[in-house]
Amino acid sequence: MELTLDQLKQYDGSDPSKPIYIGVKGRIFDVSTAKSFYGPGGSYAMFAGKDASRALAKMSKNDEDVIGSLDGLTEKELGILADWEKKFEAKYPIVGSLG
C-alpha cells in the first residue's frame, strides 16, 4: 500500500474504525497496538497520521518538526532517527510506504 501524506492523515486515531499509522523515513507503521501513546490524548498523538521522521530525529514534539524532511539534520540526529526506526521495526508492522 502506498499513501500520500494527505491520505495518511486519515489514520490519525480520530476514527476508531481505522488503524493508527505513523510514517518514518518513507515507510508506514501500524501503531494501533499502542493506542494509549499514539491515539487521541496520548503523549505522542501529534505523530499519528503524519511522517514523524524529523521530530523523532530531533526528539521534538513541536508541530513544525512533525514532517518527513531530513534536511539539515546532524549526524547525531540521523543516528537517533536510525535508533527510532529500529524500535519501530521491532514493535510495529510495516503496512506500506509514503508516495
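Start by selecting Ser53, which you will find in helix α3, spanning residues 53-58. Keep in mind as you look around that this is a predicted model.

Is Ser53 buried or exposed? Its relative accessibility is 1%, so Ser53 counts as buried, the cut-off being under 20%. Now show the side chain of Asp51 as well: a polar contact of 2.6 Å links it to the side chain of Ser53. Then look beyond the neighbours within four places in sequence, and you will see Ser53 in contact with Gly23, Val24, Lys25, Ile67, Gly68, Leu70 and Leu81.

Next, move one residue along to Arg54, also in helix α3. Arg54 has a relative accessible area of 13% and is therefore buried. Select Ser69 too: 15 residues separate it from Arg54 in sequence, yet their C-alpha atoms are 6.1 Å apart in space. Leaving out residues up to four places away in sequence, Arg54 touches Ser69 and also Asp65, Ile67, Leu70, Asp71 and Leu73.

Now go back to Lys25, one of the contacts of Ser53. Lys25 belongs to the hairpin of β2 and β3, where two residues sit between the strands, and has a positive phi near 50°. Colour β2 (residues 21-24) and β3 (residues 27-30) to see an antiparallel pair joined by four bridges. Within this pair, Tyr21 stands opposite Asp30 of β3.

For the last stop, add strand β4, residues 94-98. How many bridges join β3 to β4? There are three, and these two strands run antiparallel. Zoom in on Ile28 to find Gly96 of β4 opposite.

Conventions
Residues are numbered from 1 along each chain as its sequence is written. This is a predicted model: local features need pLDDT of at least 70, side-chain atom pairs count only at pLDDT 80 or more; totals for chains, interfaces and linings use all residues. Side-chain values use heavy atoms; hydrogens and water are left out. Buried means under 20% relative accessible area, exposed over 50%, partly exposed in between (1.4 Å probe, protein chains only). A polar contact is a pair of N or O atoms within 3.5 Å; within protein, one must be able to donate a hydrogen and the other to accept it, and residues adjacent in sequence count only if both atoms are side-chain atoms. Contact means heavy atoms within 4.5 Å. Two strands pair if DSSP finds at least two bridges between them.
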